[in-house]
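Biologist: Could you pick one part of this model and take me through it up close? I'm new to this, so please go slowly and show me how that part links up with what lies around it.

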Amino acid sequence: MELANEPGDRRRKRSIQVVFIAFMGLLLFLTFFSNTFESLTLPKVRTEPLVTGSLLFTIEGSGMLQPFNEARLANPAGWEVQTIFVKEGDRVKKGQRLIEYDSKTAERELENEIANLKKMNIELQNLQDQFIQSTKGGDELDIRSTRRAIETRKLDLGTQERKIDELRDRLTSGQELTAPFDGIITQLNAVEGLATTGEPDVLISNDSQGYRLDIPADSALMTRLGIAVGAKIDVEVQNPQEQQTRIIEGTIAEMANAEPRTESSSESAEEAVQTRTIPQKVIRIQVVDSELKGGEQARINIEKRSRLEGLVISNEAIHRDQGGMFVYKINEQRGALGNVFVARKVRIQPGESNDTETLIQADSLDEDDLMILESSEPLQDGNRVRLQ
């Protein structure tokens, strides 16, 4: 009887073992599945390792080469343009004729004033003859009256002579425009047969002083780079016709104050937008080269490493609250079911910074620590996260 029951007991034990194993497997599956599901609901973060080094400061910019010194020549009398001897882009020498004007009206005006001067001289001679007659007649009242008329006429003659001299000077200076120095005609507004408008007839650049490139930059950044007047800078110039670039040595000729720029930022969506004013300067770089004509595109790129070294972190990782500035680093915790990643808030002391990175100081940070740059959800100290 006992022998008959033994196979049934074995079958029951086997069934219990199978059920137990299946239950434990299901339990383990549910455990892993729940952990996996939970991990999918955690904030996803993008990280970057902390490194030791220095900051790279850069000033770069581009623009069009403009004449360093440019003369704006015009005919103040507004006379009609008779002949134009140059065109835009021509190189000219000092004293070279540029434009001739129609001065016939001014010449006729001068001739009329000279004729008036002759008439006034004749009238003066008549008054002098009248004075002689008055003296012979002995009429004291008539003598004084004639003497005053003669003095008045002499004053009129002086005024007329000055007027004629002024007309001569205006005629001489206004008959033509000449180049004040060796240079290039950068703009020509005059049109033959038309009178001068409000614009200058000719713009001419000074060939000996070359061209300028104006680049705006932050004042503090210029100080860090040690930029000063007289410094040499490589300027990359592109020839618009040949589509080729070449490097020309330029000189910083001037650093002028400029309008400050404003920068708006907010550390989170809940915080108000903060605006700060950043002082600006304009770097004026002088470039002298006989092949330049103006209007070429040019650019500069000035780079220099900071003297200080330390922990370098991306500006994306830095946050601010009432207590100051802080970052989140990844704290990896090992567990039986896998590693857990926790965001830890760390206070920092910032130092120098550029557009993308900042030197920081923090006792609880080391090189190669993973710093959180971006999170899919707002973080708090101790939050579990998943790495992107």
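Modeller: Let's begin with a term we'll need: a crossing of two helices is called left-handed if the near helix is turned anticlockwise from the far one by less than a right angle, and right-handed if it is turned clockwise. Keep in mind that what you see is a predicted model. The protein has four helices and 24 strands, and I'd like to zoom in on two of those helices.

Two packed helices are described by the angle between their axes and the distance between the axes. Here the pair is helix 2, residues 104-137, and helix 3, residues 140-174. Their axes lie 9 Å apart, at an angle of about 165 degrees. An angle over 145 degrees counts as roughly antiparallel, so helix 2 and helix 3 are roughly antiparallel to each other. Now our term comes in: the crossing of helix 2 and helix 3 is left-handed. What kinds of residues make up the contact of helix 2 with helix 3? There are 15 nonpolar ones, eight polar ones and 13 charged ones.

Take one of the charged kind for a closer look. Glutamate 113 sits in helix 2. Is glutamate 113 buried or exposed? Its relative accessible area is 11%, and the cut-off for buried is under 20%, so glutamate 113 counts as buried. Setting aside its neighbours within four places in sequence, glutamate 113 is in contact with Gln160, Lys163, Ile164 and Leu167. Look up those numbers and you'll find that they fall in the stretch 140-174, which is helix 3.

Next, see what the two helices are attached to. Strand 8 covers residues 97-101, ahead of helix 2 in the chain, and strand 9 covers 176-178, after helix 3. These two strands pair in the antiparallel sense over three bridges. In one such pairing, isoleucine 99 has leucine 177 in strand 9 as its bridge partner. In general, strands of a sheet pair through backbone hydrogen bonds, either parallel or antiparallel. Strands 8 and 9 belong to an open sheet of three strands in the order 6-8-9, with antiparallel pairing. Strand 6 (81-84) and strand 9 are its edge strands, each pairing on one side only. On average, neighbouring strands in this sheet are turned by 20 degrees against each other, direction ignored.

There is another spot here worth a visit. Asparagine 75 lies in the loop between strand 5 (70-73) and strand 6. With a relative accessibility of 5%, asparagine 75 counts as buried. Leaving out neighbours within four places in sequence, it touches Tyr101, Gly174, Thr196 and Asp201. Two of those should ring a bell: residue 101 is part of strand 8, and residue 174 is part of helix 3. Asparagine 75 and glycine 174 are 99 residues apart along the chain, but their C-alpha atoms are separated by 6.1 Å. Long links like this also show up in the whole protein: among contacts between residues at least 6 apart in sequence, 73% join residues at least 24 apart.

For a contrast, look at a second open sheet. Its four strands come in the order 2-17-22-21, with antiparallel pairing. Strand 2 (51-53) and strand 21 (349-353) are at the edges with a single partner strand each, so one side of each has no neighbour in the sheet. Neighbouring strands in the sheet with the order 2-17-22-21 are turned by 45 degrees against each other on average, direction ignored. Strand 21 is joined to strand 22 (residues 357-361) by three bridges, and proline 350 has isoleucine 360 as its bridge partner there.

Beyond strand 22 comes a loop to strand 23, and aspartate 368 lies in that loop. Aspartate 368 has a positive phi of about 80 degrees although it is not a glycine. At 55% relative accessibility, aspartate 368 counts as exposed, whereas glutamate 113 and asparagine 75 count as buried.

Key: Residues are numbered from 1 along each chain as its sequence is written. This is a predicted model: local features need pLDDT of at least 70, side-chain atom pairs count only at pLDDT 80 or more; totals for chains, interfaces and linings use all residues. Side-chain values use heavy atoms; hydrogens and water are left out. Two strands pair if DSSP finds at least two bridges between them. Axes are lines fitted to C-alpha atoms, for helices over the stretch in contact, and angles run from 0 to 180 degrees between N-to-C directions. Angles under 35 degrees count as roughly parallel, over 145 as roughly antiparallel, 65 to 115 as roughly perpendicular and the rest as oblique. Ala, Val, Leu, Ile, Met, Phe, Trp, Tyr, Cys and Pro count as nonpolar, Asp, Glu, Lys and Arg as charged, and the others, Gly among them, as polar. Buried means under 20% relative accessible area, exposed over 50%, partly exposed in between (1.4 Å probe, protein chains only). Contact means heavy atoms within 4.5 Å.
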